[in-house]
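Good morning, and thank you for making time for this item. I should like to take the group through one structure, beginning with its charged pairs and ending with the contact between its chains.

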Amino acid sequence: MKFDTPAGANPIDRMKVVGKPTDRIDGKLKTTGTAPYAYERHDVVPNQAYGYVLGSAIAKGRINRFDLAEAKAAPGVLAIVTTLDMPRLKRGQQNIAYLFGGAAIQHYHQAIAIVVAETFEQARAATALIRVDYARERGRFDLATEAKTAPLFGGSSGEGSSAPPIERVGNFEGAFEAAPVKVDSVYTTPDETHAMMEPHATIAAWEGEKLTLWTSNQMIAWSKGDVAINLGISPKNVRLDSPFIGGGFGGKLFVRSDAVLAAIGAKAAKRPVKLALSRPIIANNTTHRPATIQRIRIGANRDGKITAIAHESTSGNLPDGKPETAVSQTKLLYAGENRLIAMRLAEMDLPEGNAMRAPGEAPGMMALEVAMDEAAEQLGIDPVEFRIRNDTQFDPEDPKRRFSQRQLVECLRQGATRFGWSRRNPKPAQIRDGRWLVGMGVAAGFRNNLLMKSAARVRLDGRGIVTVETDMTDIGTGTYTILAQTAAEMMGLPIERVVVKLGDSDFPVSAGSGGQWGANNSTAGVYAACVKLREQVAQRLGLTGDVDFTDGQVRAGGRSVALADAARGGELVAEDTIEYGDLDKTQQQSTFAAHFVEAAVDAFTGEIRVRRMLAVCAAGRILNPKAARSQVIGAMTMGVGAALMEELAVDKRFGFFVNHDLATYEVPVHADIPYQEVIFLDEVDPMSSPMKAKGVGELGLCGVGGAIANAVHNATGIRVRNYPITLDKLLDRLPEIA
Amino acid sequence: MRPFTYQRVSSPAEAAAAAAQMPGAKFIAGGTNLLDLMKLQIEAPAHLIDVNAIGLDRIEKTDEGGLRIGALVRNTDLAAHKKVREDYAMLSRALLAGASGQLRNKATTAGNLLQRTRCPYFYDTNQPCNKRQPGSGCAAIGGYTRQLAVVGVSDACIATHPSDMAVAMRALDATVETVKPNGSSRRIPIADFHRLPGNTPHIDTNLQAGELITAVTLPKPIGGKQYYRKVRDRASYAFALVSIAAVIQRDGSGRVAVGGIAHKPWRVETAEAELPRGAKAVAARLLAGARPTEDNGFKIPLVERTLGAVLSEARA
């Protein structure tokens, strides 16, 4: 199905199943521990051996030789394969770090060997007996140092945010110089790791030339292709199966060393191999969100109108890597006639920087929304009002392009009312509650909407059961449920009559899960397949004209037939793909939010505790308010982590992330998250797809950090521009103690 | 994890005898730290002596009017004990500020004292660490040191002791009771139990090889208002940046021990004389000779300010 004109009325508009806060259809499997995650799939193939990965102890250099004598003699060892046993594997299309093979070391904890043994403990113990002779080389590990000579560099996150090396509208410098009110600030965001619950894990089995990987992966088709490239085999011979994923956040968009080494280990041991990356190597072995240094300049007139806005960002990556696109949202979020965007990229020798939830916008909004707060403060204008005054209903770089839907102003207004924003004292450091200094902060939320083609197959059997098959993944977001809701709505069935099968590369290729594009595109693919199935049903039943599918019945021309009857003579199967025209070019498709935060800061110790959070989101049709709310509160929680604690600490001498486990890389715990509220504005976006939906999973994150930083400023009068905002950055400016 | 042999013992005497027979053996109780370290091969004992069944799981009054806490009393039970909550409130608070409910259910009194440092370089076996591998050097010095020690450090090691419980016990002048492999017992004041790193950071305590902790005793209650104030980046389940265990008496005198800043619970008795003059004066004495790094210099003002918070609450 080609989607190239705005959606008209269609069966989804009935909203009998879609749009309801349905419990997850896979919820019981999750809560009873019976959802099969990759590492637990003991039943899929017999005789599984265990693999364990050895990570490099140096960040840059070469391996001279391995001494495997002790490891090979260790109990239970079946096979050892080292990176010197094969030439460097080709890189897949999605990544820049080499996964295995050859002597060169690009980054710390790069996989350099796999040990396969009868038990996990034996594999781990034998791995520790491998002796490695390294030739260490000097590397580039400090972004602040490398940033000084970093060249201009454009790029795309591949997830909806992008920017050219430099882009100008009007005359930024002239307008900024002339502006009566100016902000010129530098912000930094640190490297972050995804810290998902389930580590990267794979079971690999060969059957002749055919390789099956039971794995944990967000993007089945990408990864099937990349595995084939890595291993130098035909994609026809690769099957991936990933029905359940214990979190990914972008860290599992790609094939990682677990999949490749499980396959290599299985070939060497001539047995299926299961392998999970151990927690301490995940941060350095896989991808991470790169650190940024961002400079923002805002010039405004006294009436609060922005006349000049510039956002420049520098990040680092391995050779051939891409920049963190932190300036992307600044192209679209606020009005202003004179604009400048620039990105610089430093070549570095830290692990690969790549997508993490809302790449680009997440760190970009952490800077932009504090700069907006600083501008509002200088102007003496309420920060909600300042944002409203600078709203734009069209692309500021190309005024012919309107936003398909843009309710930022409504989000801000409704949020301000619901949050009690009028009680905020605009003068900082005025509200005291015992030992706590209390403040409120606001930020806009912004994330682009991406259209990606997506296919699905639907089957109708003689019992009236509809089965959906697509290689779409459910990364914990509720995909199973919204696909079931879509098929149920289209076929006029209760949700219990729909079965959803996901994550198998033998199924039609979907949009996959990333960039908050999963929900709209994958449901639209199911919609397209269901339109075809409805045609087949009507034809089989001999119904013509306006055919209605409701309550398990198919009606037309005064006749009513049970849906199941259409498949009595044999199963009906329909498959289709939603494909998009240029509706996302002619109009700008984005999602909007307003984030409000109340934070308290201990006047003695500087400890920061968030007290209340509210997100008001406008993101097209909400397919399942319960699942969507879970997405947004999860994202808000991640925003608290980014604002207050998450930071991969770089050892600038040895070139690695030091705090590479969950004890030392802190993410929020329950006690950090007292009260969260989410409001979705009524919105349908006929430009996005027949579902008229967009995504919320990243919108819920973008802006949260800025709102927290602004609340801390309102509480204390202290402006921290280097994330995370930890207490040590406040101590010297807190009130004197008695 | 390296292969090891394992035995269960049923009495302290049997435990001591087992330790005498198997040099290099380790006692295991809750295992909440030891097992993690064994998985990473930071600890690789050839033999484990499981002491969970030797009793020592009671809390009893002593003849002096204090409490004897059996070595195997679980952290959860100790924190919830009526006498502890009434008379040694800071100990209860310190325990509840540590770890998680699940870990406290397993962790024991003796094991808590014997926790090893959480220095990230200690945990990364690719890195040199004098505590893990004597003489290999210290990667932490000059590296990422935000969590690490500011006082009592050496050129060999700047690790901290992670326990909260031990900090409260230090302020309470607890005594550690032990039995040696030869069957003799001794009492070690908590002040002398943990060591500073010096040139031997691989030795955390003054226990001898095979010496088993049997109990911790607390002197009779000292009254006063008791505090345990733990400061960290998130609200729960994190080790202290700085923690303060304090008793403040009605006349303004008191005791102060500090966690998160040294290789052992940090207490300087002479600093306590400054309590009537306020937090700044106490902190200046407590932290005299401190050698912070660029990353952890904030702990100096943080100790003062956290103590200020405690004193302010005590005055209220």
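A salt bridge, as the term is used in this talk, is a side-chain nitrogen of Lys or Arg within 4 Å of a carboxyl oxygen of Asp or Glu. Please keep in mind throughout that the model is a predicted one.

With that definition in hand, let me turn to chain B. Here a network of salt bridges links six residues by name: B:Arg170, B:Asp173, B:Arg255, B:Arg267, B:Glu269 and B:Glu272. Over all chains, a search of the whole structure returns 77 salt bridges.

I have selected a few individual pairs. In chain A, the side chains of A:Arg271 and A:Glu118 form a salt bridge, with an N to O distance of 2.9 Å. This pair links distant parts of the chain, 153 residues apart: A:Arg271 lies in the loop between α7 (257–269) and β15 (273–276), and A:Glu118 lies in the loop between β6 (111–117) and α3 (120–127). How do the two partners stand in terms of accessibility, buried or partly exposed? A:Arg271 has a relative accessibility of 15% and therefore counts as buried, whereas A:Glu118, at 37%, counts as partly exposed.

The next pair is A:Arg239 with A:Asp504, whose side chains meet in a salt bridge at 2.8 Å, N to O. Again distant parts of the chain are linked, the residues being 265 apart: A:Arg239 belongs to strand β14 (residues 238–241), and A:Asp504 sits in the loop between β25 (498–502) and α13 (518–541). In this case the arginine, A:Arg239, counts as partly exposed at 24% relative accessibility, while A:Asp504 counts as buried at 9%.

Chain B supplies a further example. The side chains of B:Glu43 and B:Arg116 meet in a salt bridge of 3.4 Å, N to O. These residues are 73 apart along the chain, B:Glu43 in the loop between α2 (34–39) and β3 (47–50), and B:Arg116 in the loop between α7 (109–113) and α8 (120–123). Both B:Glu43 and B:Arg116 are buried.

Let me return to A:Arg239, since it also appears among the contacts of A:Leu211. A:Leu211 is placed in strand β13 (residues 210–215) of chain A. Why is A:Leu211 classed as buried? Its relative accessible area is 0%, and the class covers residues under 20%, so A:Leu211 falls within it. Leaving aside neighbours within four places in sequence, the residues in contact with A:Leu211 include A:Trp206, A:Val227, A:Leu231, A:Ile233, A:Val238 and A:Ala263. As a point of reference, the C-alpha atoms of A:Leu211 and A:Ala487 are separated by 32 Å, with their positions 276 residues apart along the chain.

I come finally to the contact between the chains. How many residues does each chain bring to it? Chain A contributes 39 residues and chain B contributes 38. The area buried between them is about 3100 Å², with carbon and sulfur atoms giving 55% of that figure. On the chain A side, A:Arg124, A:Phe604 and A:Glu666 lose the most area to chain B, together 17% of what that side buries.

As for polar interactions, the two chains share four salt bridges. One salt bridge between the chains joins A:Glu607 to B:Arg229, where the closest N and O atoms are 2.7 Å apart. There are also 16 residue pairs in polar contact between chain A and chain B, counting pairs with both residues at pLDDT 80 or more. The side of chain A that touches chain B is made up of 22 nonpolar, seven polar and ten charged residues.

How values were computed:
Residues numbered from 1 in each chain as written. Chains lettered and ligands numbered in written order. Predicted model: local features only at pLDDT ≥ 70, side-chain atom pairs only at ≥ 80, totals over all residues. Heavy atoms only, no water. Contact = heavy atoms within 4.5 Å. Buried area = accessible area lost by both parts, 1.4 Å probe. Polar contact = N/O pair within 3.5 Å; in protein donor to acceptor, adjacent residues only side chain to side chain. Nonpolar A, V, L, I, M, F, W, Y, C, P; charged D, E, K, R; others polar. Helix = DSSP H or I, 4+ residues; strand = E, 2+ residues; numbered from the N terminus. Buried < 20%, exposed > 50% of the residue type's maximum accessible area, 1.4 Å probe, protein only.
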